[in-house]
Amino acid sequence: MPKPEPRVVAVECDGTRIPVATEKLAELCRQVLRALKVPRAMLSITFVSSRASATLNRRHLGHAGPTDVITFALGADPAGTVIGDVYICPDVARAQARAHGVGVREELARLVVHGTLHACGWEHPEDDARTTSPMWRRQEQLLRRFWITPSRLA
């Protein structure tokens, strides 16, 4: 009998549509957790509307408008299981994909990796140094390793 996966990832689309299978994104998250050597995790990733994202952003971060990703890193339980909730707004991801000249699937995958890193305790500065930070470099490395493979580029 196979051992159960110790890295539980649930992906939900809360009334939103995304152009990639939720199981593919759950597997990406599990791959990132394994690469980070996280032995046990319980993460939820929820795709939300712009309105829901704006509400979360205002209520929890004090910022106006929708944002691409918000992560609630809930720490670890006594057994060391990393627990976190990640909320991603596909509408913001689509706009960012256009602005950066990448596909929306890639941008959604980037946000899954980004949220997973935050759930595991990684942080980045909020200023222009964000995209040169160790977290951003690790994010892009993991994205290339697990998502942007040569077969996906063809």
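**Notes on the sheet and its aromatic pair**

1. A good place to start: alanine 41 sits opposite valine 82 of strand S4. Alanine 41 belongs to strand S2, residues 41-47, which pairs with S4 in the parallel sense over seven bridges. Keep in mind as you look around that this is a predicted model.

2. Now zoom out to the sheet. It is an open one, built from four strands in the order S1-S2-S4-S3, with mixed pairing. S1 (7-13) and S3 are the edge strands; each has a single partner, so one side of each has no neighbour in the sheet. From one strand to the next, the twist averages 10 degrees.

3. Next, what packs on the sheet? Helix H2, residues 50-61, touches S3 and S4, and its direction makes about 50 degrees with that of S3. Helix H4, residues 104-119, lies across S2, S3 and S4 and runs at about 30 degrees to S3.

4. How many aromatic pairs does a search of the whole structure find? Just one. The partners are phenylalanine 72 and tyrosine 87, arranged edge-to-face, with 5.9 Å centre to centre and 80 degrees between the planes. Phenylalanine 72 is in strand S3 (residues 69-76) and tyrosine 87 in strand S4 (residues 82-88), so the pair links parts 15 residues apart in sequence.

5. Are those two rings' residues buried or exposed? Something in between: phenylalanine 72 has 21% relative accessibility, so it counts as partly exposed. Tyrosine 87, at 23%, also counts as partly exposed. The cut-off for buried is under 20%.

Notes:
Residues are numbered from 1 along each chain as its sequence is written. This is a predicted model: local features need pLDDT of at least 70, side-chain atom pairs count only at pLDDT 80 or more; totals for chains, interfaces and linings use all residues. Side-chain values use heavy atoms; hydrogens and water are left out. Rings of Phe, Tyr and Trp (its six-membered ring) pair if their centres lie within 6.5 Å; planes under 30 degrees apart count as stacked, over 60 as edge-to-face and the rest as tilted. Helices (H or I, at least four residues) and strands (E, at least two) are DSSP runs, numbered from the N terminus. Buried means under 20% relative accessible area, exposed over 50%, partly exposed in between (1.4 Å probe, protein chains only). Two strands pair if DSSP finds at least two bridges between them. Axes are lines fitted to C-alpha atoms, for helices over the stretch in contact, and angles run from 0 to 180 degrees between N-to-C directions. Contact means heavy atoms within 4.5 Å.
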